[in-house]
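Reader: I'd like a close look at one small part of this chain, the strand pairing, and then whatever surrounds it. Please define your terms as you go.

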Amino acid sequence: MSSDSFGRAEGLSVPSRRRFVQGLAVGGAVATLGLWPRSSWAVKAEGLPNVLSGTEFDLTIGETPMNFTGATRPAITVNGSIPAPLLRWREGTTVNLRVRNALPPGSIHGDQTSIHWHGILLPANMDGVPGLSFNGINRGETYHYRFNVVQGGTYWYHSHSGFQEQAGLYGPLVIEPLEPEPFAYDRDYVVMLSDWTDLDPKRLFARLKKRSDFDNFSKQTVGDFFDDVKQHGLAATVEDRKMWGRMRMTPTDLSDVNGNTYTFLMNGTTSLGNWTGLFRSGEKVRLRFINGSAMTYFDVRIPGLKMTVVAADGQYVRPVTVDEFRIATAETFDVIVEPTGQDAFTIFAQDSGRTGYISGTLAVREGLRAPVPDVDPKPLLTMDDMGHGGMGGGGHDMSSMSHGAMAGGAMAGMDHSGHDMSSMAAGTAAGGSMAGMDHGAGGMQEHPATETGNPLVDMQTMAPVPRLDDPGIGLRDNGRRVLTYGDLRSTFPDPDGRAPGRTVELHLTGHMERFAWSFDGVKFADAEPLRLKYGERMRVVLVNDTMMSHPIHLHGMWSDLEDESGNFMVRKHTIDMPPGTKRAFRVRADALGRWAFHCHLLYHMEAGMFREVRVEE
Ligand SMILES: [Cu+2]
């Protein structure tokens, strides 16, 4: 990040780059399909070309030329397609999945591969994480996955090797439950969202390491500066700009990689390709949304239709009807819609940074389209978004960030280069927020000692809160009813029932400029495993000390999210952690072995926001 957040006239090349990445091609395999085994039993139309069902599966991982942007690039595929085939399993069966590595010698995607079954309960050696579950699948080898299917719902699967997930190795997974579902529908479609880049993902990662703000060129301009001066005065504006500079960010940084690099896909096609799900007026249509992207949060809506959310991360929730929802990377939401009165509706998914979108259509016949909305205005991050607001007995709302006082106060806790508390308190700027903390209610968030003076940690949150009822940055007060985590309630009580026997707190940490990401300031390579006792019920508290959102995923066991008072709320496999939040979930350590626990943003995981969880007798 630049230490100077204004006066930079970047972005002159944006329009051409933008057009390029939004997708010039419909997308899909350049080579022919059709060599692969198809479904063994009849299924309803899912709107995907490759559907495999039953208990026996042969999956071949290879390289396939793909064209989404006008350029042909070597993607990594399963049975020749992106996404990988939709797998349909049945709860109560045993599945056999023979996964063969047919990557050509010299592939840019490496020599080894793997498949991880995301959100699926299974033995540790079937989980597909090289180095923890098994040794990976080498070129020419086949790994036989075999396990009992003990759950139903919407999930997905993806590679856990290097950057293969970014390059195309992800696919939807639908498990028919044993018990009848608590809702009815006439049609059933998977809507898998993802992000594609023509870049070799290894090079994209190298670019992030070298210049983490590459995709964030919409920095505030000199013009914005003078507007701010007019509105807030010179001193306040300069202070505000200095503050952002010291945090090595600009108020518009919401994602590390975005639509300036990515072409977004729906079921493996670009907006030009217009993935279409057919309906007849009055029918109930189930849409299984899966965020299979590497780095993208999507905000999803279908203008003209209400969506009733009936499942989250594969597990039933009490139905809640909304206009829009944010889906973090790796999450799934099942919704039911009842299209009527129009021949076509647009399924619209814009990225949370407002740099692009992917759209598809629900229509009464192929070839129809409805209007596609504009991408919403780019939201600005505020101090409040980072858990620095609301401390001094209120009054530190969004607007307060434009004032020098708040800016100075909040900075103290973040900057390790000499702006410590004492120097802060001396300044007139200290104002409300410091006073509120020192003498105030509840005290300040404590931080692990490993964060102190750590060059991998560039900030800490001072007053994090669960924020379960917050729709999220860019979705507040937009005139639409937006789903929040607070809306999600499992249809069942806490399946374990025991109070947690102990609590482990972990902080999500990072350094923006270095593109360093970790837990508690310790990268995976240097970290000890987190040890759980077999059978115990424990609580994990997460504190986000960064200015990015992180979708945190524990393998092999459920993450049972708690509400503000510590009550069981909803069962998930991926817990979204917006900036400045502190959220808690319960884990039942009922799966022996070594499991991955990590941020599901691919490049954050690779940079070190990853821990081994070891469940031992
Ligand atoms: Cu992350």
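Let's start with a single pair: which residue in β5 is the bridge partner of L59?

Author: That's V99, the bridge partner of L59 in β5. Before we go further, a word on what you're looking at: this is a predicted model, where local features need pLDDT of at least 70, side-chain atom pairs count only at pLDDT 80 or more, and totals for chains, interfaces and linings use all residues. Residues are numbered from 1 along each chain as its sequence is written, and side-chain values use heavy atoms, with hydrogens and water left out.

The L59 pair belongs to a run of six bridges that join β2 (residues 56–67) to β5 (residues 94–101), and the two strands run parallel. Strands here are DSSP runs of E with at least two residues, helices are runs of H or I with at least four, and both are numbered from the N terminus. Two strands count as paired if DSSP finds at least two bridges between them.

Step back a bit, and β2 and β5 sit in a four-stranded open sheet with mixed pairing, in the order β3-β2-β5-β9. The edges are β3 and β9 (142–148); each has a single partner strand, so one side of each lacks a neighbour in the sheet. On average, neighbouring strands of this sheet are turned by 20° against each other, direction ignored (axes are lines fitted to C-alpha atoms, for helices over the stretch in contact, with angles from 0 to 180 degrees between N-to-C directions).

Follow the chain out of β3 (72–78) and you're in the loop that leads to β4 (86–90), which is where P83 is found. The peptide bond from I82 to P83 is cis, with omega near -10°.

β4 takes us to another open sheet, this one of five strands in the order β1-β4-β11-β10-β7, again with mixed pairing. Here β1 (51–53) and β7 (116–118) are the edge strands, each with a single partner, so one side of each has no neighbour in the sheet. Neighbouring strands in this one are turned by 25° against each other on average, direction ignored. At the β7 edge, the partner is β10 (residues 153–158), paired in the antiparallel sense over three bridges. W117 has Y157 as its bridge partner in β10.

W117 turns up again in the core. The largest nonpolar core has 116 residues, and W89, W117 and Y145 touch the most other members. A nonpolar core is a set of buried Ala, Val, Leu, Ile, Met, Phe, Trp, Tyr and Cys residues joined through side-chain atoms within 4.5 Å; buried means under 20% relative accessible area, exposed over 50%, and partly exposed in between, with a 1.4 Å probe and protein chains only. If you leave out residues up to four places away in sequence, W89 touches, among others, F57, V95, L97, W117 and F147, where contact means heavy atoms within 4.5 Å. Apart from that core lies another, of 16 residues, including L86, W156, Y170 and I290.

For a contrast with the two sheets, try β28 (residues 559–562), which is covered on both faces: S559 and L561 on one side, D560 and E562 on the other, are all buried. Four bridges join β28 to β29 (residues 568–572), running antiparallel, and L561 stands opposite V570 there. The two strands form a hairpin with five residues between them, and G566 in the turn has a positive phi of about 85°. Two bridges also link β28 to β31 (residues 582–588), antiparallel too, with F585 opposite L561.

Further along the chain is the copper ion, coordinated by H550 (ND1), C599 (SG) and H604 (ND1) at 2.0 to 2.1 Å. Donors are N, O and S atoms within 2.8 Å of the metal (3.2 Å for Na, K and Ca), and water is not among the atoms, so sites may look incomplete. The donors follow the spacing H-x48-C-x4-H, and both C599 and H604 are buried.

One last link: the buried residues of α2 pack against α8 (602–607). In α2 (residues 201–210) those are P201, L204, F205, R207 and L208. They cover an arc of only 160° around the axis, so they're on the same side of α2; the arc is that of the directions from the helix axis to the C-beta atoms. The face turned away carries the exposed R203 and K210.
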